[in-house]
Structures are given as C-alpha cells and as structure tokens.
Amino acid sequence: MSSGDDRQSQVLAKPTFTEEQASALVESVFGLKVYKIQPLPSYDDQNFHVHVSRTKDTADGPTEYVLKISNTEASKNPDLTEVQNHIIMFLRAAGFPTPSVCHTKGNNTISLMSMDNGSKIKSHLVRLLTYLPGRPIAEVPIRPQLLHEIGRLAAQLDGTLEKFHHPKLSCLYRENFIWNLKNVPLLEKYVDALGQNRNQEIVKEVIQLFKEEVMPKLSHFRECINHGDLNDHNILVEPLSSASGDAVYQVSGILDFDDMSYGYYVFEVAITITYMMIESKNPLQVGGHVLAGFESVIPLTAVERGALFLLVCSRFCQSLVMAAYSCQLYPENREYLMITAKTGWKHLQQMFDMGQKAVEEIWFETAKTYESGNCMRLDKSSH
C-alpha cells in the first residue's frame, strides 16, 4: 500500500512515467519487447500491466508482467526492495502463489533509473514481476471457507518466513513506518485530515487506548516478519468447480510485499481481519473465520487474543486516516485511495459502539465451531 515513512516528503514523489517511457524501460532494462502496456491502480508508486512479444530467447517464458516503479522516497532504500524481492522468491520456492521476480540484463532484481521531468532529475527503483491470473477477493462473494483459507495462509506465510535469511534482513525493522501497527500513535500527526467530527473523535480514542492497553503488551507478543497488507485487492482467487454449482474460490495469488516489516503474528491476523471485513455483508462474523484459519497453524496466546479487537480498530484507523491525508496530496487518485473508506468508517463505528467484549464473543464463538468440527456453516453460509 505504501512504501515510504514520511508522507510529507512524498507530495511530489510519486512517479509520473508515461506508457511510452515505461515500455522503453522494460526493453532497455529487462530486454523484453513490449507490444501492449496499461497503467494499474497504485497508492504512491506506479504500476503497469505489461504484455511482451515472444522471441526465440523467451519462447517458453511468460508474456505478462507487472512493472513496478517506486516513488523517490522508497527508491532511496534499495536494500529494502532487494530484501522484499528475495522474500517473494523464497516464498514462491516454498509453494506460495507469489509472482516470479525477473532479472535485469545485468542479472539484478532491481535497477535504479533516472528521470528528467524538466526541472529536476529524479531516481526511481524499477523491478519487473510476472503477472498473476485471478480476480481480487474484493470482486467475489467471500464465503467462510475462503476466509478460513486466507487466515491459514497468513499464518503459514509468517511461519515460513521464520526460515528466511538475508544479510540485509535488518532493514525490515522500519522504525517510523506508518503502516506498521506498532506505530499507531504516529497517526496523531495526520488526524486533522479528517476534520472535526465523530470519526476524528473515535480515532483519537483508539490511539489513546492503543497507548494504554496495547503498547505495554508488545514485549509479550511473538515477533515475526509481516506481509502487512493482506487486503482484499492483494489476494487473488480463482473459481473451483463445486457439486452444488455455486462458485467456490481458492487463493491463486498474493501481491504487494512493499509493506513488509518486522511485527508480530497477532498483527498479521488483525490486518487480515480488517481488510476481509471491508467487502463483507456480515463484517462482524469475518473475524472468527479468519482467526480459526490462522490458529489452525499458529494459535494465539491469551495476551495476543486480548489485543486483537484494539488491533483491528487500530488498522481501520491507519487505513482511514492515511487515505484521507493522501487524498489531500493526490486528489486525482481519490477513487483508489478511498476504497477502505466506503465501508470502513461504518465497520469501525459499529465495532466501537458494540465494544470489545461483544465483538470478541462473536469472533471467539465462531472460531470455536471449527475446534468442535461443527463446520456446517462452511457450506451453507455466505457473506
């Protein structure tokens, strides 16, 4: 979703490559002949869907790619992008549906390119990933079976990364990274973007509760590397045939590793629950199915479970506040930036009004049905 730590410095940092310039990059850096290129939605970087022609050298290779051009702030930290690329490759080798990372003509996974925009020369990191088939989860009805699978996948991903090693891995300790859940108090700098209203009051209260109730517990959470952005547009699905004739979906792709950082297992499940609630017709039920899937791989401790409600509220706050702030910077990108806000404020207010105990009861009781094997709802219930 975002790759920079300081939003203020990114007002003019988003890349502005034309389709012609992007095509030329693919050909000069990666040696592939482009015959079609289209822009893709992005937060503060620039992405293109690239179609390439087959040649005798690439006869067996893929023909569709995603060109990712990082903003100028993110481009100052090539080590971080390199580590992200190696994680993507590591996960793919472990069987996860991640893209393949393409190497440049010089056999690197990234390239730093300069662009003269007339007044200043700016440098941007460029990389090319294979294009994954499938539809974003946001576009399909999400059944409990799929929520459970996504929760399980989130836990497996974080657990697998325990085995990942890289000499520059420490760059994932991103001190003031606004999207890491431990940095919720940093939102105080941006809440004015909401205006004086009930939304701002709720956010301020969540931040205060986070300081009082979550921060003292951080040392008791189990640390891991988080994907950090398993949202409803970063998970792709494909249909399976089912006996009933209803479409049943399975995960076919995991996208966007730009928000990876060191966090905690409970952060990953909280973030996943938040984003799976966005498109759901029954958002309060979502948490139990995702939690059950996650805990089928990595059970949470009592302390971690006790923080889950506030962490989900906090992630809603991060997404909603930063969307409002970013709309001030990039008004032309408003439709993409405000995806979470379409239902997010309603979900956050509902959770806040019900309170932690009532929401936890729904989540934990739903999760408990999986323990007892009473999973009839997997087939019959639809969200």
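**Exercise 1. Which strands do the buried residues of α1 pack against?**

Before we start, two notes on the model. The structure is predicted, with local features needing pLDDT of at least 70 and side-chain atom pairs counting only at pLDDT 80 or more, while totals for chains, interfaces and linings use all residues. Residues are numbered from 1 along each chain as its sequence is written, and side-chain values use heavy atoms, with hydrogens and water left out.

*Solution.*

Step 1. Find the helix: α1 covers residues 19-30. Helices (H or I, at least four residues) and strands (E, at least two) are DSSP runs, numbered from the N terminus.

Step 2. Check its length. The expected span of a helix is 1.5 Å times one less than its number of residues. For the 12 residues of α1 that gives 16 Å, and the end C-alpha atoms are 16 Å apart, which agrees.

Step 3. List the buried residues, where buried means under 20% relative accessible area, exposed over 50%, and partly exposed in between (1.4 Å probe, protein chains only). In α1 they are Ala22, Ser23, Leu25, Val26, Val29 and Phe30. Seen down the axis of α1, these buried residues fall within an arc of 155°, so they line one face of the helix. That arc is taken from the directions from the helix axis to the C-beta atoms.

Step 4. Read off the partners. The buried residues of α1 pack against β1 (34-40), β2 (46-52), β3, β4 and β5. Contact means heavy atoms within 4.5 Å.

Step 5. Look just past the helix: Gly31 follows α1 and takes a positive phi of about 70°.

**Exercise 2. Work out the strand order of the sheet that α1 lies across, and describe its pairing.**

*Solution.*

Step 1. The order is β1-β2-β3-β5-β4, in an open sheet of 5 strands with antiparallel pairing. Two strands pair if DSSP finds at least two bridges between them.

Step 2. Identify the edges. β1 and β4 each have a single partner strand, so one side of each is left without a neighbour in the sheet.

Step 3. Add the geometry. Neighbouring strands of this sheet are turned by 30° against each other on average, direction ignored. Helix α1 runs at about 125° to β1. Axes are lines fitted to C-alpha atoms, for helices over the stretch in contact, and angles run from 0 to 180 degrees between N-to-C directions.

Step 4. Turn to β5 (residues 121-130). Strand β3 (residues 64-69) is joined to β5 by 5 bridges, with Ile69 having Val126 as its bridge partner. Strand β4 (residues 111-116) is joined to β5 by 6 bridges, and here Ser114 stands opposite Ser123. Strand β5 is mostly covered, with 8 of its 10 residues buried.

**Exercise 3. Describe the sheet that contains β8, and the helix that packs on it.**

*Solution.*

Step 1. The sheet is open and has 3 strands in the order β6-β8-β9, with antiparallel pairing. Its edges are β6 (135-136) and β9 (248-254), each with a single partner strand, so one side of each is left without a neighbour in the sheet.

Step 2. Strand β8 (residues 235-240) pairs with β9 over 6 bridges, and Ile235 stands opposite Ile254 in β9. Helix α3 (residues 144-160) packs on this sheet and touches β8 and β9, its direction making about 25° with that of β9.

Step 3. Ask how covered the helix is. Of the 17 residues of α3, 12 are buried, so α3 is largely enclosed by the rest of the structure. Among them are Leu146, His148, Ile150 and Asp158.

**Exercise 4. Characterise the crossing of α7 and α10.**

*Solution.*

Step 1. Two packed helices are described by the angle between their axes and the distance between the axes.

Step 2. The axes of α7 (residues 302-329) and α10 (residues 356-371) come within 10 Å and cross at roughly 115°.

Step 3. The crossing is right-handed. A crossing is left-handed if the near helix is turned anticlockwise from the far one by less than a right angle, and right-handed if clockwise.

Step 4. Name the residues. Arg305, Gly306, Leu308, Phe309 and Val312 in α7 meet Gln356, Val359, Glu360, Trp363, Phe364 and Ala367 in α10.

**Exercise 5. Is Pro185 buried or exposed, and which residues does Pro185 touch?**

*Solution.*

Step 1. Pro185 is found in the loop between α3 and α4 (198-214). At 19% relative accessibility, Pro185 counts as buried.

Step 2. Not counting residues up to four places away in sequence, Pro185 touches Ile207, Phe210, Lys211 and Met215. Pro185 and Phe210 are 25 residues apart in sequence and 7.8 Å apart in space, C-alpha to C-alpha.
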